[in-house]
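Hi there,

Here is the structure I promised to pass on. Have a look when you get a moment, and my notes are underneath.

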Amino acid sequence: MKTYALSMDKNLVAIGFRRVVAAARAAGFDIQSIFFLDNIKRASLSGSWWKQNTDTEFSVNYVKNDEAIINLAKILADADNLIFSTMSVQSKFVQDIIRETKKLNPKIVTLVGGYHPTIFPKDAIEFADVICLGEGERTLIEFLKRVQNGEPFDGLPNSWFKRGEEIIKNPQIPLLTQDELDAMPYMDTGLQDNFIFSLEEGKLYPQEQKDVIQHLGTTYNTIWSVGCPFVCSFCSQDTMISLNKGFAKHRGRSPRSFVDEIKEGIKLYPTDYVIFWDSDFWGRNIEDLREFTRLYRDEVGLKFVISGSNPVSIKEEKLDLLLEAGLVRIKMGFEGGNEEILKILKRAGRTKKLREATKVLASRKNTMVAPSFEMILDNPLETTDQLYQTLDFLFETPGPYTLNLFSMHFMPGTALSELCTDEIGVEEEIDKEYMFSYQPTHINNLISILAIFKPPRFLFNFFKKMIKGREHVKAPKVKKILYHSMLVRRAFNQARFGDYTTFPYWVMVYYHKWRLFKNRLFGNRGGKTIRGVSP
Ligand code: B12
Ligand code: SF4
């Protein structure tokens, strides 16, 4: 039986995809995986900040190349099944591929999993034969068994399928327990049977080590826990919890098994950093973090970045443990900087909690890169007065810190977007780009100055006076200058702590070579491990 698995993200991270493919391969199925990039020769997730588009009207979608899709369909058409992993932004692209492939082979069976079918099953079932809602390891294995044996999909766990015009909704099964997760194979990070489709060229390439390095630098990307106990109004977490209550918990491998996964993953590539993509890495209990610290420090010893943190979970004791383990930088969601807006966003912690968390982080400022606080701008429910409150709140926030500024994205189906559609008639959008695509208004620009430096109070008050009454006037050139200044400031800050994870990949490669050279010359004095093969 021939199966192609397609990871629709425009990157090679694809943690969920790599997990389900690994589970199915371990169960004996032969799967060819295809990853997508706009152009394999130019691809680089690391360092993409420097090329980030800061205009307000742009999309995260792929370059459009209908001819390439037809070429791809010709390659895929000889398979028995196509399985996809997709977020909502790529759902139209999935539809195009299925349509073109079915023209050539109407018998091919399609299964679509990932966030899009989980959050918008009614949309996904329109274009797929079978969809997986939520956790997919066991669903995929069972799906492949049934296709192989020519059996129907009745009772296929966590799935919906079509029988003629009818949609059959199979029940959810309990999520994998920690013991079951420990017994699962590690995600597939190898090169064998993995390909990259380069969309601009319309060509399929076997994946090589150099492609991975060019895209991810010397980082290993993983996630410990899936799930989150909170229900922020702009997030799809409440949909996940109503699908399966287990998504309200931080659930993942045991510390022993998680560290083993990392050790295995970093063997294949030159690796200097691990990036954890959890929603809230700090949400794990202190005992687990203690054990993780001990094992990671002794057996991995690489610097790591925590990409998701909730202010309510930041505690001094946890911070000290993670710093001991190798923590070098964190990102943390603020989302708003005044009581009213935090209430509307249904954030678990209000300004008092944010302040407490920032004090804890500031107290360790000489041991890690200035943390990055994420803020949502362009919120139509936020008044100008409230924006000034946010500005003052940020000004009083103990530093150093930097900001990741997002433009409000009304993802269909979230509590906030339903409220705003009814109350102020906002348009919901499935594929809006929201990183640094905020309106270049004077007040947003003034907020972004705080991502670069904290001006003395007299200058801050002077800036405020300057924009009074003209808060929403736009100045895109100023925004661009501030954005690039922010990157330069961040670069210095990160370089000080040897964190090159957001630099272009070749900087990381040179850093890796330098570390190898130093190690050969002076021995491993710093105690930090050099892992992976040479680039
Ligand atoms: C890590 C991450 C990223 C990383 C890496 C992406 C990746 N796929 O690994 C990066 C930074 C690159 C990224 C980018 C984006 N992301 Co993102 N990201 C996440 C994050 C934090 C974790 C995803 C993850 O690894 N989860 C853990 C794995 C194990 O779970 P999983 O992927 O769901 O996989 C399981 C199931 O879905 C299922 N499954 C998955 N695939 C398949 C396939 C089959 C066949 C089957 C049967 C089952 C199945 O089984 C898996 C294992 O149980 C989530 C938020 C969160 N905390 O979950 C957002 C999230 C997925 N991202 C989101 C978005 C919107 C984006 C961007 C569009 C943001 C932007 N505007 O730029 C871009 C898209 C980039 C692109 N064009 O490709 C949204 C998606 C919402 C939606 N409805 O699609 C999320 C949910 C955040 C949010 N709440 O808004 N992201
Ligand atoms: S804390 Fe993060 S993952 Fe959890 S509900 Fe809020 S935004 Fe979503």
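Below is what I found, beginning with a sheet and ending with a ligand site.

Please keep in mind that this is a predicted model.

The sheet is an open one of six strands with parallel pairing, and its order is β10-β13-β14-β15-β16-β17. Strands β10 and β17 (402–407) are at the edges; each has a single partner strand, so one side of each has no neighbour in the sheet. From one strand to the next, the twist averages 20 degrees.

Starting at the β10 edge, this strand covers residues 219–222. Thr-219 and Asn-221 point one way, Tyr-220 and Thr-222 point the other way, and all are buried. The partner of β10 is β13 (residues 273–276), with four bridges in the parallel sense, and Tyr-220 sits opposite Val-274 of β13.

At the other edge, β17 pairs with β16 (residues 372–377) over six bridges, again in the parallel sense. Here Glu-374 is opposite Asn-404 in β17. A helix also packs on the sheet: α10 (residues 255–265) touches β10 and β13, and its direction makes about 145 degrees with that of β10.

Now for the ligand site. Which residues are around ligand 2? They are Cys-228, Phe-230, Val-231, Cys-232, Cys-235, Gln-237, Ser-279, Asn-310 and Gly-333. By character, this shell has five nonpolar residues, four polar ones and no charged ones.

Happy to talk it through whenever suits you.

Best wishes

Technical notes:
Residues numbered from 1 in each chain as written. Chains lettered and ligands numbered in written order. Predicted model: local features only at pLDDT ≥ 70, side-chain atom pairs only at ≥ 80, totals over all residues. Buried ≥ 20, exposed ≤ 12 C-beta atoms within 10 Å, placed from the backbone. Helix = DSSP H or I, 4+ residues; strand = E, 2+ residues; numbered from the N terminus. Pairing = 2+ DSSP bridges. Axes fitted to C-alpha atoms, helices over the stretch in contact; angles between N-to-C directions. Contact = placed C-beta atoms within 7 Å. Near = placed C-beta within 6 Å. Nonpolar A, V, L, I, M, F, W, Y, C, P; charged D, E, K, R; others polar.
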